[in-house]
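Here is a short tour of the model, written for a reader who likes to follow along in the viewer. Please keep the sequence and the 3D view open while you read.

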Amino acid sequence: MTAEHTVEPVAPGSGQDAAIDNLAALESEAIHIFREVAGEFDRPVILFSGGKDSTVLLHLAIKAFWPAPVPFPLLHVDTGHNFDEVIEFRDRVVEKYGLRLVVAKVQDWIDDGRLTERPDGTRNPLQTTPLLETIGEHGFDAVFGGGRRDEERARAKERIFSLRNAFGQWEPRRQRAELWNLYNGRHRPGEHVRVFPLSNWTEFDVWNYIAREKVDLPSIYFAHQREVYLRDGMWLTEGPWGGPRDGEDVHTKTVRYRTVGDGSCTGAVESTAATIEEVIAEVQASRLTERGATRADDRMSEAAMEDRKREGYF
Amino acid sequence: MSSLLRLATAGSVDDGKSTLVGRLLYDTKSVLADQLDAVTRASVDRGLDTPDLSLLVDGLRSEREQGITIDVAYRYFATPQRSFVLADTPGHVQYTRNTVTGASTAQLAVLLVDARNGVLEQTRRHAAVLAMLGVPRLVLAVNKIDLVDYDESTFEVIAKEFTDHAVSLGYPMGEVLSIPISALQGDNVVTRSENTPWYTGPALLEHLETVPVAPDPHDAPFRLPVQYVIRPRTAEYPDYRGYAGQIASGTVRTGDEVVVLPQGLRSTVAGIDTADGPLGEAGSGNSVTVLLDDDLDIARGDLIASAGSAPEPADELSATVCWLAGSALRAGSRVLLKHGAKTVQAFVEEIVARFDEQQLRAVHAPESLELNHIGQVRLRTSEPLPADDYRTSPRTGSFLIIDPKDGDTLAAGLVGVGFPALGDAPAASADGQGATG
């Protein structure tokens, strides 16, 4: 098969026509979802990692309530395996928009024995417990996530309003029918609803929207020089999660990241794309989906994502 | 500028729907290398020689294990002309509720039949549901045409039978298209096939790329369900009070006379705001914030409508409901009803009739409505609702019925819609106007 996507990038600022274009339709849908949640829930929160999807999510929330401030806080589940550029970005955004930020540190759970470090050192799977316990502790009843249905097969079947039981679990066979733009946010005490305003966006839509709206992103999304080593076909970088093992040579390469996650299992891709326009051109030509290319934790089994969603992960 | 087409697929078990969707994704290059690798690996594990494209779309483990599709899956693909959101809905009878879910927002539906079996009872039922939901356009994909040796007369018989049925449901002839395809071989899916020289119409993707997306009629009445009142109370905006919502129908302009329902308060539009700046006018589908000239008491759940053509709020409504829950609906049931941004209590006064899917006729005064039943009901609500007829304004003519005990969605409701006209059906109130163009 040939590699390239056949999609044309949408020209910036083309959304004013009476016939609403693709990005304008997706933006209006997401804003509608934010306002429904603000109207129906007592304590919503936006899950914010500083990655591009959660940054677009925040951008949409700001637009949904303008000129009023966003009426809910952000929650960052911090694996401790962060890229410095992303944490700086997170704090800058919080300051700029006068937001409230709740941080759940995986390290705190490890320190007091509620969680144990895994032999492979990866902390992505450890995020579920701090996430669920923080949701419970703060009484959050709606949790916004940046998940998209194009990311993975199990996500393709999830509703925009996804009811979670008291254990945070997704039960695919008990999903509510979701009709028109009428969302049902009712839940019983202890349950909460995960809300995915970007459900109908593709990776390509997200990048086009970032370009059109000039959304600021952490610098690691753009090409930079970095010392990396090869493991399982992915370029990993040294950090608090450890570094190269014996036999893993360090190279200096020009790379960028397509997703932001736990540093121990998020790989860089070789790239010279230094601007949004260059990134869009690269995404168009890419032969790998973003999760498959850069997330070791999704490659473990055919049903990896489904299993983790059932456990209460996003 | 690319536009967006929302479509739904429906078919019976083994019609090859997942294969068709897999084929569309594959041939539009929407399947990337690692996804295809995973499918190839899984196909080899199952002892297959060629990649089973249906594995691209069967998302849940139990679906892959059983080789069936359980839940609606949303798929995304794009060509230079259009972006597509495809709701892939399962064919199992017990999961008909998902067909309703997938089709509620669709601008076009693709129904699949197996060329060897032709139009089945389930195909007719699916078409009836799609007509009732007002999905404007239908495509019949006559699949596995390779297995009947690309025989023209087989195709023609199926196409005629289906078109006759669709027309009897209220579809204009020009909005129903039948295409002979082989999802497995790729005939007439993306490109026209040499194996069917007798077929002169477009390939499926060609049709999807070029079919007109019906815009709202320009004279559709303006409707804005108020979702949220924006009151910053900041130093910069001390007295700002805006009514935020997604325009459900029609167009609004600064200076328009409007009425706020159910209160019946009149005012004038002082401005239309967005975070990108004020607009002179805004149309259906846009999320906006409307400012009014007068200081009125307006809350979430109210409806702002054009003063000249506002619906009459009423606390009783007649509607057709698709029952989606395992528990039955009986006259006397107390439920919650969500209409626009408002949820009220409701009481089921009467179950007027049930649509008999086997006989395609109406059964009057049934005892109850059960899972997958379509019925006509009369409801009384605790507060008057400014509902429209579904056929004139789907977004303000639709509602959910919700279980007050556990919050489950029990039914989809369509205000004022009757059953599809079904030939000699003796349904008293069927009027045959299921399809809104």
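Chain A contains 9 helices and 10 strands. This is a predicted model, and the values below should be read with that in mind. Of the 314 residues in chain A, buried ones make up 52%. Among contacts in chain A with a separation of 6 or more, 76% link residues that are 24 or more positions apart.

UniProt, in an unreviewed entry, lists residues 44-267 of chain A under "domain: Phosphoadenosine phosphosulphate reductase". Over that stretch the chain is 25% helix and 20% strand, and its end C-alpha atoms lie 32 Å apart.

**The nonpolar core**

Let's move to the interior. The largest nonpolar core has 189 residues. Those with the most contacts inside this core are A:Ile46 and A:Val195 from chain A, together with B:Ala109, B:Leu111, B:Leu138, B:Ala141 and B:Val142 from chain B. Helix 1 of chain A, residues 22-40, gives the most to this core, with 10 residues.

B:Leu138 is a good place to zoom in. Leaving aside residues up to four places away in sequence, B:Leu138 touches B:Ala109, B:Leu111, B:Ala127, B:Leu130, B:Ala166, B:Tyr171, B:Glu175 and B:Val176.

**Helices and their packing**

How do helix 1 and helix 2 of chain A cross? The axes of helix 1 and helix 2 (residues 52-65) of chain A come within 9 Å and cross at roughly 70 degrees. The two helices of chain A are therefore roughly perpendicular to each other. On the side of helix 1 the contact is made by A:Glu27, A:Ala30, A:Ile31, A:Phe34 and A:Arg35, while helix 2 contributes A:Leu60, A:Ala61, A:Lys63 and A:Ala64. By type, the residues of this contact divide into 6 nonpolar, no polar and 3 charged.

Helix 5 of chain A, residues 128-138, is also worth a look. Its buried residues are A:Pro130, A:Leu131, A:Leu132 and A:Ile135. These pack against strand 2 (74-78), strand 3 (101-105), helix 4 (106-111), strand 4 (142-144) and strand 6 (192-195) of chain A. After helix 5 of chain A comes A:Gly139, which has a positive phi near 70 degrees.

**Backbone details**

Some backbone angles deserve a visit, and the table gathers them.

| Site | Angle | Place |
|---|---|---|
| A:Trp66 to A:Pro67, cis | omega about 0 degrees | A:Pro67: loop between helix 2 and strand 2 of chain A |
| B:Leu261 to B:Pro262, cis | omega near 10 degrees | B:Pro262: loop between strand 11 (257-261) and strand 12 (265-273) of chain B |
| A:Trp180 | phi near 50 degrees | loop between strand 5 (161-164) and strand 6 of chain A |
| A:Lys214 | phi near 55 degrees | loop between helix 6 (203-213) and strand 7 (224-231) of chain A |

A:Trp180 has a positive phi although this residue is not glycine, and the same description fits A:Lys214. A:Trp180 counts as partly exposed because 17 other C-beta atoms lie within 10 Å. A:Lys214 is exposed, with 9 other C-beta atoms within 10 Å.

**A glycine in chain B**

Finally, B:Gly416 sits in the segment after strand 24 (409-415) of chain B. With 16 C-beta neighbours inside 10 Å, B:Gly416 counts as partly exposed. Not counting residues up to four places away in sequence, B:Gly416 touches B:Ser318, B:Ala319, B:Asp389, B:Tyr390 and B:Gly397. B:Gly416 and B:Gly47 are 369 residues apart in sequence and, C-alpha to C-alpha, 53 Å apart in space.

Key:
Residues are numbered from 1 along each chain as its sequence is written. Chains are lettered from A and ligands numbered from 1 in the order in which they are written. This is a predicted model: local features need pLDDT of at least 70, side-chain atom pairs count only at pLDDT 80 or more; totals for chains, interfaces and linings use all residues. A nonpolar core is a set of buried Ala, Val, Leu, Ile, Met, Phe, Trp, Tyr and Cys residues joined through C-beta atoms within 7 Å. A residue is buried if 20 or more other C-beta atoms lie within 10 Å of its own, exposed if 12 or fewer, and partly exposed in between; C-beta atoms are placed from the backbone. Helices (H or I, at least four residues) and strands (E, at least two) are DSSP runs, numbered from the N terminus. Two residues are in contact if their C-beta atoms, placed from the backbone, lie within 7 Å. UniProt positions are given in the numbering used here, feature names are shortened, and annotations may be inferred rather than shown by experiment. Axes are lines fitted to C-alpha atoms, for helices over the stretch in contact, and angles run from 0 to 180 degrees between N-to-C directions. Angles under 35 degrees count as roughly parallel, over 145 as roughly antiparallel, 65 to 115 as roughly perpendicular and the rest as oblique. Ala, Val, Leu, Ile, Met, Phe, Trp, Tyr, Cys and Pro count as nonpolar, Asp, Glu, Lys and Arg as charged, and the others, Gly among them, as polar.
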